[in-house]
Every structure is written in C-alpha cells, then in structure tokens.
Amino acid sequence: MIWIPGGTFSMGSDHHYAEEAPAHLVTVDGFWMDQYLVTNAQFQKFVKATGYVTFAERSANLEDYPDAQPEMLQPASCVFVKPGRPVDRRDHYNWWAYIPGANWRHPEGSGSSIKGRENHPVVHVAYEDVEAYANWVGKVIPTEAEWEFAAWGGRENIEFAWGNELHPKGRMMANTWQGEFPWENLKTDGYERTSPVGVFPANGYRLYDIIGNVWEWTTDWYQEHSQIKKDSCCGTAMNPRGGDREASYDPTLPGVKIPRKVIKGGSFLCAPSYCRRYRPSARMAQPLDTSTCHLGFRLIVRPRSRFKP
C-alpha cells in the first residue's frame, strides 16, 4: 500500500461532463491505498479461504425483480460485446449483453476463464462482493473524495492525471480505447480488454492503473455534486461522504428503486470518440446489484483515529 498524505484540492470539474460540476474545495485526511487494483489471483485466494460466492454467480430472487423474465434470473453479468460495424451510440445495448455464466472466473461467459489473467484486475464484482473482500482483508472502500485526491497524484490544474496530453509524445499512459468506439479497437496500447496491473506508468503517488483498465467502486452514494449536503469550514468540505442513499436512485427509472454508488477512473472502454472519462474528476453512477466486465476495485486503510465507513 502507498501512503496518501491528504490535503486540500479542487474536486470535480466545471469543464467536462455535467455530473462533475461544480468544482469545489475538499480536504481529506491521509490514508493508505492499494498501489494496484485487486487482481484475480488475490480474489481467488479470498474465495478459496472463505467459500464466498459472488453476486453474479447466484440466481436472482424473483421477489426482488418481480417483472423480470425467467431467463434474466439465472446467474449472469454484463459483458461488452464488440459489434462488427458502426452502430447507433445512443443505444448502449448495441454493445452490452447480459450473459449467463459471466462472472469473475469467466469474464466473457462460460467459455472463458482467467487462466493467464491471474494478474489482471478482478471484474464482475458487485458492491457487496467488494465489501466482503474488504472485510476479509481488513481494509475499506475509499470515498469518492479520497479516491479522486489520490488519483491526482499531487498534481492539479491539468487535463489528465499525468498532464495535458492524452498520449504525450505518443506514449500510452493508461489502458483506454483507441479507434472508433465501439466497433473499431486499434489496440495501440496493446490490449483488447483488461491488462495486467502495473503495465502503464504510475501516477505521482506511485499508484498504478488509477486511470483506465477498469472502473473502481467507491463507497459514496451517487448524487449530483451540487445537491450533496456539505459540512464545511471556510468553504471547504472536510472528508465528505457523498450523497444520500434515497437520492441515488436513477431518476430516469422512477419505478426502479435500486441505490447507486459512485465509480471512478474510467476503463478500457473509454474513448475520445465516445466516453472521455479517463480523468480523475470523472464519475459515474453504478447500481449496487450490477457487475460488469470493466469494473473492479482497490481498497484503503485509514488511521485508527479516522471516521469509519
């Protein structure tokens, strides 16, 4: 783990996606953070020790999803399936599929495995899976503010975590998408999907894959920055804890009351032509009950005097 010294920084952005605004001053205390994303090998060790079964490996409860088709209740997870031609990017179902048998052991479905990918980040983990692993290993999930502060690596007022160019002097700084999303992957960075942890340059705090490769869970309930209640001193929020659970529901689905958490960092699917969320201030909402092939995690340890999750 790496010691993140804490400090005051400008969280969010007024110059990118609406959900990142407004930029606002935040102070976080110091903490220890995993230098690398949690890998398949590490997660496998946890499963072998505890017998844990992930959310994607269990059948869904009909009582929780009363309107679901029977085939949607079997163990499954969300997998990116690259189309063979240009498609309408307004409909993400053109490249996302809910595939039976997809889980952390079988990232693309029942015919795939993690053999040879032991050092890749574990994926297809829902929030409760991350909590279970964290409890076992004696760590906690970072807040959005802690994660974002760490992602900047001690730098500010730049476009990306490493500077103002996505590919400085042609160098690939993270595992993201090159080409026309979602059908053309040029693989300039060398990878079609996930990459082994630690392949790309570390940030200023020596954290690897803090941008790209896979999105990362945080513990904060998702809410627009402008709507989150702030306990602040002199205009600076101190160790903010995100929004309210009830306010995290997706407003576009009024009949669905599934809480959502903030995820950060972008993934191998982020592309200049579609999703420019390979930046520390970028954020998205992720339902608690949804796992995907491009979402993983890393954990932190706070000093004992700090607040608990």
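Me: Helices here are DSSP runs of H or I, at least four residues long, numbered from the N terminus. With that settled, what does glycine 138 do just after α2?

Reply: This is a predicted model, to be clear from the start. Glycine 138 takes a positive phi of about 80 degrees right after α2 ends. A similar note goes with α3: glycine 153 follows that helix, and its phi is positive too, near 65 degrees.

Me: What makes α2 a helix under that rule?

Reply: The rule asks for a DSSP run of at least four residues, and α2 runs over residues 127-137, so α2 qualifies as a helix. In total the protein has three helices and 13 strands.

Me: Which residues of α2 are buried, and what covers them?

Reply: Tyr127, Asp129, Val130, Ala132, Tyr133 and Ala134 are the buried ones. Their cover includes α1 (40-50), β7 (215-221) and β10 (260-264). As background, an α-helix has 3.6 residues a turn, so residues three or four places apart point the same way.

Me: Tryptophan 136 is in α2 as well. Why is it called partly exposed?

Reply: Buried needs under 20% relative accessible area and exposed needs over 50%. Tryptophan 136 comes in at 36%, so it counts as partly exposed. Apart from neighbours within four places in sequence, tryptophan 136 is in contact with Lys45, Phe46, Ala49 and Thr50. Take alanine 49: it is 87 residues from tryptophan 136 in sequence, but the C-alpha atoms are 9.5 Å apart in space.

Me: How do you know that α3 is largely enclosed by the rest of the structure?

Reply: Count the residues: nine of the nine in α3 (residues 144-152) are buried, so the helix is largely enclosed. The buried set includes charged residues, Glu144, Glu146 and Glu148, along with Trp147, Phe149 and Trp152.

Me: Is leucine 295 buried or exposed, and how do you know?

Reply: Its relative accessible area is 1%, and the cut-off for buried is under 20%, so leucine 295 is buried. Leucine 295 lies in strand β12 (residues 295-296). Leaving aside neighbours within four places in sequence, its contacts include Val122, Val123, His124, Val125, Trp215, Trp217 and Ile263. Leucine 73, 222 residues away along the chain, has its C-alpha 21 Å from that of leucine 295.

Me: How many cavities are there, and what lines the largest?

Reply: The count is one cavity of 30 Å³ or more, and the volume of the largest is about 80 Å³. Its lining includes Asn40, Glu108, Arg117, Val123, Phe268 and Cys293. By class the lining residues are six nonpolar, three polar and three charged.

Me: Zooming out, how do you know whether the protein agrees with a compact globule?

Reply: For 309 residues a compact globule would have a radius of gyration near 19 Å, and the protein has 19 Å, so the two agree. The C-alpha trace spans about 55 × 45 × 40 Å along its principal axes. Buried residues make up 50% of the 309. Of the contacts between residues at least 6 apart in sequence, 71% join residues at least 24 apart. As for the outside, the accessible surface is about 14,300 Å², with 51% belonging to carbon and sulfur atoms.

Methods. Residues are numbered from 1 along each chain as its sequence is written. This is a predicted model: local features need pLDDT of at least 70, side-chain atom pairs count only at pLDDT 80 or more; totals for chains, interfaces and linings use all residues. Side-chain values use heavy atoms; hydrogens and water are left out. Helices (H or I, at least four residues) and strands (E, at least two) are DSSP runs, numbered from the N terminus. Buried means under 20% relative accessible area, exposed over 50%, partly exposed in between (1.4 Å probe, protein chains only). Contact means heavy atoms within 4.5 Å. On a 1 Å grid over the protein atoms alone, a cavity is a set of points where a 1.4 Å probe fits but cannot get out, and a pocket is an open set with protein on both sides within 12 Å along at least five of seven lines; lining residues have an atom within 4 Å of a point. Grid points are joined across faces, edges and corners, and a volume is the space filled by probe spheres set on the points. The radius of gyration is taken over C-alpha atoms; the globule rule is 2.2 Å times the number of residues to the power 0.38. Accessible areas come from the Shrake-Rupley method with a 1.4 Å probe; for residues, only the protein chains shown count as cover.
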